[in-house]
Amino acid sequence: MNGRVIYADFEYPIPLGGARILSAHVKLLAEAGVDAYRWSPTPGFRYAWFDDTGVPTLSGMEIDLTADDVLVVPEISVLPGHDPAPGARKVVFNQGHFLTFLTSGAVDRYPGFTPDPGIWTISRESVEVLSRAHPYLPTPLLIPNPIDGELFRPAERRVASIAWMPRNRPAESLLLERLLRGDPRCEGVELRPIRGLSHEEVAEVLADTSVFVALGSPEGEGFGLPVAEALASGCLVTGYPLGGGEELFEAPSAWRVPDLRTGLLADRALELVRRPEDGVRAEGRQWLLERYHRKTTTDALLEAVDAARTLPGGPARATHFLAWSGEYRPFFVSQVAAMEAAQGAS
């Protein structure tokens, strides 16, 4: 079978790593010779907050699938009683196992699609948790995230600085900043809360940052892209692993802190910002790039696509999840609005 692989997309208007990874999958598959597409309802839609060139796209609220196609949908789009393409071959791309049942509930058989879909995910923790949550589905397949080591790389000189991303925890971010500013050990240290920047602008900030503080999402992390990108940039990292991020804190340049121990987090960041250069930054970058890069992702994707094509399925009319009305459309809109508000407040 040589059908298409079609990823349904959210058209997020603000920087969110999950949307970028979904697009990266499509681009990597296309470069590997797979007939892959990102499906966005709006004709001509392109992202403005990262380099979106080279991603093949489809548009419209409905598309026709052949018996050989594979439809890939994000976990947050799974809604009770709504199969996006009854009878078609489908995969749920789960980038946040903590969010799996947010829209669908945990009582009925997940996700209620006909036939049963495959599951793709992005961390070892997600594979283990989702295997237990869905024992009746095919074993979830791990697709490691690709980290761009050319974009995220160390600058020639590093500034005594501490950076973090306030968006997901605006209140704790303010507390952290107050603790750091009020500590005499912070004299001469530049504080860098990263807000509203493009993908490329974030890379510029991290390139000469000394320490990156991982706050993450209160609900947990499926992986933790900012942590991986900070490691690739040569930052020392401290913060909260939050589930899927546990594997990243195995890096030699990363230090765990228990969740919500903001005082300990500030102390660790202030200790690390004065750490002399001892080669551990380069070790952390090398560790990261050996595990998360384009070839690793592409190889895993090609194996996952081959496995998906063995799933049952036939021709179908597919409806994009953003077309669903009633109580669900406002839910999707509210999720984007909440993320935009959090970004603005931080």
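Two strands pair if DSSP finds at least two bridges between them. In strand β6, K90 stands opposite L71, and 4 bridges join strand β5 (residues 70–74) to β6 (residues 90–94), the two running parallel. Helices (H or I, at least four residues) and strands (E, at least two) are DSSP runs, numbered from the N terminus. The model is a predicted one, in which local features need pLDDT of at least 70 and side-chain atom pairs count only at pLDDT 80 or more, while totals for chains, interfaces and linings use all residues. Residues are numbered from 1 along each chain as its sequence is written, and side-chain values use heavy atoms, with hydrogens and water left out.

The pairing of β5 with β6 belongs to a wider arrangement: 7 strands form an open sheet with parallel pairing, in the order β3-β2-β1-β5-β6-β7-β8. Its edge strands, each pairing on one side only, are β3 (57–59) and β8 (141–142). Elsewhere in the sheet, strand β1 (residues 5–8) runs parallel to strand β2 (residues 36–40), to which 4 bridges join it. V5 stands opposite A36 of β2. From β1, V5 and Y7 point one way and I6 and A8 the other way, and all are buried (under 20% relative accessible area, with exposed over 50% and partly exposed in between, for a 1.4 Å probe and protein chains only).

Two helices can next be placed against the sheet. Helix α2 (residues 124–133) lies across β6, β7 (118–121) and β8, and runs at about 150° to β7. Helix α8 lies across β1, β5, β6, β7 and β8, at about 170° to β7. Axes here are lines fitted to C-alpha atoms, for helices over the stretch in contact, and angles run from 0 to 180 degrees between N-to-C directions; contact means heavy atoms within 4.5 Å.

Helix α8 (residues 294–308) also packs against helix α1 (residues 17–31), at an angle of about 80° and with the axes 10 Å apart. That angle makes α1 roughly perpendicular to α8 (65 to 115 degrees, with under 35 roughly parallel, over 145 roughly antiparallel and the rest oblique). From α1, the contact is made by H25, L28, L29 and E31, and from α8 by R294, T297, T298, L301, L302 and V305. Sorted by class, the contact of α1 with α8 has 5 nonpolar, 3 polar and 2 charged residues; Ala, Val, Leu, Ile, Met, Phe, Trp, Tyr, Cys and Pro count as nonpolar, Asp, Glu, Lys and Arg as charged, and the others, Gly among them, as polar.

A second helix pair is formed by α5 (residues 225–232) and α7 (residues 280–291), whose axes come within 7 Å and cross at roughly 125°. This makes α5 oblique to α7. Here A228, L231 and A232 in α5 meet G284, R285, L288 and L289 in α7, and the residues of this contact divide into 5 nonpolar, 1 polar and 1 charged.

Two individual residues round off the picture. H199, in helix α4 (residues 199–207), counts as buried at 13% relative accessibility. Leaving aside neighbours within four places in sequence, H199 is in contact with R20, W49, F50, L151, F152 and E229. A85 lies in the loop between β5 and β6 and is buried, with a relative accessible area of 0%. Not counting residues up to four places away in sequence, A85 touches L65, L71, K90, T114, A316, R317 and A318; among these, L71 and K90 are the residues that stand opposite each other in the pairing of β5 with β6.
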